[in-house]
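Subject: Structure handover

Hello,

Here is the structure I promised you. Please open it, and keep it on screen while you read my notes.

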Amino acid sequence: MKRKLMSLKKRFSVFLKDENKKGSFQIVKEAIIFWVAKREFPYFYFGKFLYRKDVTNYKDYLSSKEVDKITLSKNLHHFQYASLLRNKLAFAFYMEENNMPVPAMISYNLGKRFFFQSQIQMISDKKNLIAYFEALFTQTGQTKIFVKSITEMGGTGSFLITQQDLEEKINAYGDYILKYDCIHQEVVIQHELINAIYGHSVNTIRFDTYLDKNNEIHIISAYMRFGRGGNVVDNMSAGGFYVGVDVDKGKLKSKSYLLMKYGGEQLTSHPDTGVIFKDYEIPYFEEACELIKKAVTHIPDRIIGWDIAISIDGPVIIEGNDNTNLVGPDITYGGLLKHPMFTEIMEEAAVK
C-alpha cells in the first residue's frame, strides 16, 4: 500500500510539473467526459498523457476495460497459441524448428537442472554455476550470453553475462538463476544504425498484429523501445522509453514517451547520444514487416505483440506476446479506436 501511494504521488507530481498540459478547466471537463464515456475512473486519461495540449481526440484512446476486453477475449486468443508465446523455452524451440530468425539458444535451466547439448547437469551453488558458464564460453566461443526467465515479462529476470564480469554477475543474479527457469541465448549483434542511437541494449521494435476474420494479417501499430543510462534492457517497465514508428515509411516519429513513474518526460533525441528521432530510418524495416507476417502464419493468435531486433544481417524475433500491452501503441498511434481495423477488433473481442 505504501509503495502504491508513493507511485501515485510521483505520477501526480509529474502531472503538476508538465508544462504541456491543457488548462485546468479543460482537463477537468475532459476527464469527466472520459469517465462517463468509458464508465471507469479516468486513470488512463492521465496515465496516457491525454491531458497534454497536442491530444484533441482523447475519446479515441482505450480504457482499461476496453484493453481487458481485447487481451482476455477467448475469440482473439487461444490457449494453445498463448502458452507457446508465454513459454520462452517452447517459443525458442518452435521457432528454431521452423527456421525462423531468433537468438540461438545455447543452453537452459529448469531450476538447478542445466541442459547443454543433450546433457543434464545438476548445479546447486554459485561456485559451480560460474564453472558452468566458463565452460559455455570456452566450448561455444561466445563472449556474451543473455539469460532470461522462461516466464517473466517486462525485462524481469533478464541478465547480460560476459566473460569479463562473470563472477560479478553470478554473485548478483546467481540465486535467481538457480531458483527459477531460464534460457541462455546468444547476444544479438545489433545493426550499427541502431547502435548509433543507443548501443548498450538490444533496442526492439514492438509490432502489434491482428489476424482478421478473413484470415488476413494486419500490422496495427509499431513503436521502438530504447534503453538509457547504461541499462542493458529496453523495457519501459525498467526505465526505457519508446518512440512511435511510421509504419508506411519505416521511420521514427518525432517524440518519445516515458512511463510516469520514471518522470513521463518527452524527448526529441536520445539523452545519452543526442541522436534525433524524427525521420530516423530503421534499417531492414520492410524485411521486419514481412518477417512478423510470416511469424503469424506459424502462431496464428489473432492479436500478438512482436518484439523485433534489427541485427547486422536483418530482423530477429526476440519474442511474441499474446497479452500485449496496448498502452504503448495506443499512445504512439494517437488513439487506437480511430484505427480502421479497430471497429472489427472490438466486435470480435465481444464474441463469446
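First, a term. A pocket is an open set of grid points with protein on both sides within 12 Å along at least five of seven lines. One general idea helps here: rolling a probe the size of a water molecule over the atoms shows where empty space is left. Please also keep in mind that this is a predicted model.

**The second largest pocket**

The second largest pocket holds about 260 Å³ of space. Its lining is made up of 14 residues, and P103, E186, V187, V188 and I189 are the closest to its centre. What classes of residue make up the lining of the second largest pocket? Eight are nonpolar, three are polar and three are charged.

**The nonpolar cores**

Now look inside. In soluble globular proteins, nonpolar side chains tend to be buried together. The largest nonpolar core here has 38 residues. Within this core, M95, F207, L252, W306 and I317 have the most contacts. Several elements each supply at least two residues of this core: helix 5 (79–86), helix 6 (88–97), strand 7, strand 8, strand 9 (241–246), helix 10 (285–298) and strand 11 (303–311). Which element gives the largest share of this core? Helix 10 does, with seven residues.

Another core lies apart from this one. That core has 33 residues, among them F44, F49, Y58 and Y61.

Go back to I317 for a moment. Beyond four places in sequence, I317 touches F91, M95, M100, P101, V102, P103, L291, A295, W306, D307 and I308. P103 came up before, as one of the residues closest to the centre of the second largest pocket.

**R206 and P329**

Find R206 in strand 7 (residues 205–211). Is R206 buried or exposed? R206 counts as buried, because its relative accessibility is 6% and the cut-off for buried is under 20%. The side chain of R206 makes a polar contact of 3.0 Å with the side chain of T324. Setting aside residues up to four places away in sequence, R206 touches S221, A222, Y223, R225, G305, W306, D307, N321, T324 and N325.

P329 sits in helix 11 (residues 327–333). Its relative accessibility is 1%, so P329 counts as buried. How far is the C-alpha atom of P329 from that of A222? They are 6.7 Å apart, yet 107 residues separate them along the chain. Outside its neighbours within four places, P329 is in contact with D208, S221, Y223, G334 and L336.

**S149 and T162**

S149 belongs to strand 4 (residues 144–149). S149 is buried, because its relative accessible area is 3%. The side chain of S149 has a polar atom 3.2 Å from the backbone nitrogen of T151. For the backbone nitrogen of E152, the distance to a polar atom of that side chain is 3.0 Å. Beyond four places in sequence, S149 is in contact with K88, T156, G157, Y176, D181 and C182. The C-alpha atoms of S149 and D246 are 32 Å apart, and these positions lie 97 residues apart along the chain.

T162 is part of strand 5 (residues 158–162). With a relative accessible area of 10%, T162 is therefore buried. The side chains of T162 and D165 share a polar contact of 2.8 Å. Not counting residues up to four places away in sequence, T162 touches F137, T143 and K144.

**Two loops**

Last, the backbone. Most residues other than glycine have a negative phi. Two residues to check are S118 and N215.

S118 has a positive phi, near 65°. You will find S118 in the loop between strand 2 (113–116) and strand 3 (119–122). S118 is exposed, because its relative accessible area is 83%.

N215 has a positive phi as well, near 70°. Its place is the loop between strand 7 and strand 8 (217–226). At 59% relative accessibility, N215 is counted as exposed, because the cut-off for exposed is over 50%.

Best wishes

Technical notes. Residues are numbered from 1 along each chain as its sequence is written. This is a predicted model: local features need pLDDT of at least 70, side-chain atom pairs count only at pLDDT 80 or more; totals for chains, interfaces and linings use all residues. Side-chain values use heavy atoms; hydrogens and water are left out. On a 1 Å grid over the protein atoms alone, a cavity is a set of points where a 1.4 Å probe fits but cannot get out, and a pocket is an open set with protein on both sides within 12 Å along at least five of seven lines; lining residues have an atom within 4 Å of a point. Grid points are joined across faces, edges and corners, and a volume is the space filled by probe spheres set on the points. Ala, Val, Leu, Ile, Met, Phe, Trp, Tyr, Cys and Pro count as nonpolar, Asp, Glu, Lys and Arg as charged, and the others, Gly among them, as polar. Helices (H or I, at least four residues) and strands (E, at least two) are DSSP runs, numbered from the N terminus. Buried means under 20% relative accessible area, exposed over 50%, partly exposed in between (1.4 Å probe, protein chains only). A polar contact is a pair of N or O atoms within 3.5 Å; within protein, one must be able to donate a hydrogen and the other to accept it, and residues adjacent in sequence count only if both atoms are side-chain atoms. Contact means heavy atoms within 4.5 Å. A nonpolar core is a set of buried Ala, Val, Leu, Ile, Met, Phe, Trp, Tyr and Cys residues joined through side-chain atoms within 4.5 Å.
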